[in-house]
Amino acid sequence: MRSQQDSAGGLRHLITLEGLARDALTAILDRAERYRRLPGQPAYEGRELAGVTLANLFFEPSTRTRASFDLASRRLGAHVLNLDLHSSSRAKGESMLDTIYTLEAMNTDVFVIRDSEAGMPEFLIDHVAPHVSVISAGEAHLSHPTQGLLDVLTIRTHKRRFTGLKVAIVGDIKHSRVARSAATALSTLGTTDLRLVAPQALLPEEAEFRGAQRFTRIEDGIAGADVVMMLRIQKERMAQAASLDDAAYFREFGLTAQRLKLAAPSVLVMHPGPMNRGVEISSEVADGPRSVIREQVNNGVAVRMAVLASIATTLTRHRRPL
Ligand code: NCD
């Protein structure tokens with residue numbers, strides 16, 4: 001795979017958090033903090049992406065990630081294309097690369113891609129022009145780098161540290177790109193106490209998430225946790241999803257106010273969305289005082305602005321002269 005960074009260390013692409021050093025992650029988080037505005041405050045408006053054209057290519061459903069990239073790029077002055085991919089050329093059999101080359105010919109500089117096929121972002125960064133950048137907005141069950149960044153920004157805002165934190169990820173970890181990217185970011189930033197909590201069938205392979213502890217009872221997994229990250233059951237990635245019983249799952253693994261008392265008193269409750277209330281989390285907890293779920297959404301826009309602005313700076317070094 002080509003590097004995500006250019007020879008000067010500038011961010012060129014973002015398809016995984018693996019291989020990005022602590023300093024690189026911290027620089028993005030610091031920049032995101034400068035862009036972040038609370039709901040009700042006027043949004044940051046800048047020109048960092050003036051003259052840049054960005055295409056959102058989402059081949060899987062998305063509400064918040066797509067809206068977040070759209071707003072982040074517009075607030076920094078980019079032109080944004082949101083293609084209706086269900087009726088477009090891939091449905092007619094055109095390869096992803098031909099779609100990209102067509103848009104490149106229209107001076108599109110940045111492609112934000114969500115796809116269910118593993119390996120697609122890596123394939124694309126090996127084939128795009130030198131002045132073009134690829135950002136993954138979710139690759140199969142493998143990687144969701146901007147989600148990982150917004151998760152650690154949310155944790156950093158409240159905890160101010162990563163070492164010594166006890167973080168529990170609860171739910172369908174096996175199919176979760178969110179869990180994989182969060183675990184990578186946390187480990188790079190110094191968190192060593194990671195707990196994976198799921199029914200046996202939804203735990204990942206032993207070789208994955210090196211160093212994490214595994215639990216099959218939520219009560220054991222969240223005991224004393226500083227952060228509890230809840231995940232949705234990704235039925236769309238399962239062959240036998242119909243056999244899953246939502247009510248039984250909630251009884252065994254649902255995060256209720258009662259169970260949350262087992263965690264640290266200052267616990268942060270996180271969820272990447274979309275949430276299934278009454279399945280993996282109760283409404284009381286989702287809307288309760290320990291929930292930072294909407295802060296995650298707010299941080300998502302700031303993190304994407306920071307990633308896009310860093311990439312735009314790098315791209316100016318690789319543009320063709322007039
Ligand atoms: C997640 C995703 O698509 O990976 N959502 C998101 O990006 N906020 C998680 C999910 O779909 O459950």
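Which backbone oxygen does the side chain of Thr 188 reach? The backbone oxygen of Thr 184, at 2.9 Å. Keep in mind that this is a predicted model. The chain splits into domain 1 (22-143 + 298-315) and domain 2 (145-293), and much of what follows is about how those two parts meet and what sits around the ligand.

**How the two domains meet**

- Measuring from C-alpha centre to C-alpha centre, domain 1 and domain 2 are 26 Å apart.
- On the domain 1 side, 27 residues make contact, and they touch 25 residues of domain 2.
- Together the two domains bury about 2,100 Å² between them, with carbon and sulfur atoms giving 58% of that area.
- If you want three residues to look at on the domain 1 side, try Arg 22, Leu 29 and His 141: they supply 27% of the area that domain 1 buries against domain 2, more than any other three residues.

**Polar links across the interface**

- There are 11 residue pairs in polar contact between domain 1 and domain 2, counting pairs with both residues at pLDDT 80 or more.
- Five elements each bring at least two residues to the side of domain 1 that touches domain 2: α1 (22-35), α2 (64-75), β3 (110-115), β4 (133-139) and α11 (293-316).
- Helix α1 has the largest share of that side, with eight residues.
- Sorted by class, the side of domain 1 that touches domain 2 holds nine nonpolar, eight polar and 10 charged residues.

**Salt bridges**

- Side chains of opposite charge can pair when their charged atoms come close.
- The whole structure has 18 salt bridges, and four salt bridges run across the interface of domain 1 and domain 2.
- Arg 156 pairs with Asp 30, with the closest N and O atoms 2.8 Å apart.
- That pair ties together distant parts of the chain, since Arg 156 is in helix α5 (residues 145-159) and Asp 30 is in helix α1, 126 residues apart.
- Glu 60 and Arg 237 also join side chain to side chain in a salt bridge, at 3.2 Å from N to O.

**Around the ligand**

- The residues around the ligand are Arg 64, Thr 65, Arg 114, His 144, Gln 147, Arg 177, Val 178, Arg 232, Gln 234, Pro 272, Gly 273 and Pro 274.
- Arg 232 has a side-chain N or O atom 2.7 Å from an oxygen atom of the ligand.
- Arg 114 does something along those lines too, with a side-chain N or O atom 3.0 Å from a ligand oxygen.
- Pro 272 brings its backbone into play: one of its polar backbone atoms is 2.9 Å from a nitrogen atom of the ligand.

**Backbone oddities**

- Gly 273 and Pro 274 are joined by a cis peptide bond, with omega about -5°.
- Pro 274 belongs to the loop between β9 (268-270) and α10 (283-286), and both Gly 273 and Pro 274 are among the residues around the ligand.
- Asn 107 is not a glycine, yet its phi is positive, at about 65°.
- You'll find Asn 107 in the loop between α3 (96-104) and β3.

**Back to Thr 188**

- Thr 188 is part of helix α6 (residues 177-189).
- Setting aside neighbours within four places in sequence, Thr 188 is in contact with Leu 20, Ala 21, Arg 22 and Leu 25.
- One of those partners, Arg 22, is also among the three residues that lead the area domain 1 buries against domain 2.

Notes: Residues are numbered from 1 along each chain as its sequence is written. This is a predicted model: local features need pLDDT of at least 70, side-chain atom pairs count only at pLDDT 80 or more; totals for chains, interfaces and linings use all residues. Side-chain values use heavy atoms; hydrogens and water are left out. Domain bounds come from an automatic or database domain assignment. Contact means heavy atoms within 4.5 Å. Buried area is the accessible area (1.4 Å probe) that two parts lose on being put together, summed over both. A polar contact is a pair of N or O atoms within 3.5 Å; within protein, one must be able to donate a hydrogen and the other to accept it, and residues adjacent in sequence count only if both atoms are side-chain atoms. Helices (H or I, at least four residues) and strands (E, at least two) are DSSP runs, numbered from the N terminus. Ala, Val, Leu, Ile, Met, Phe, Trp, Tyr, Cys and Pro count as nonpolar, Asp, Glu, Lys and Arg as charged, and the others, Gly among them, as polar. A residue is near a molecule or strand if one of its heavy atoms lies within 4 Å of it.
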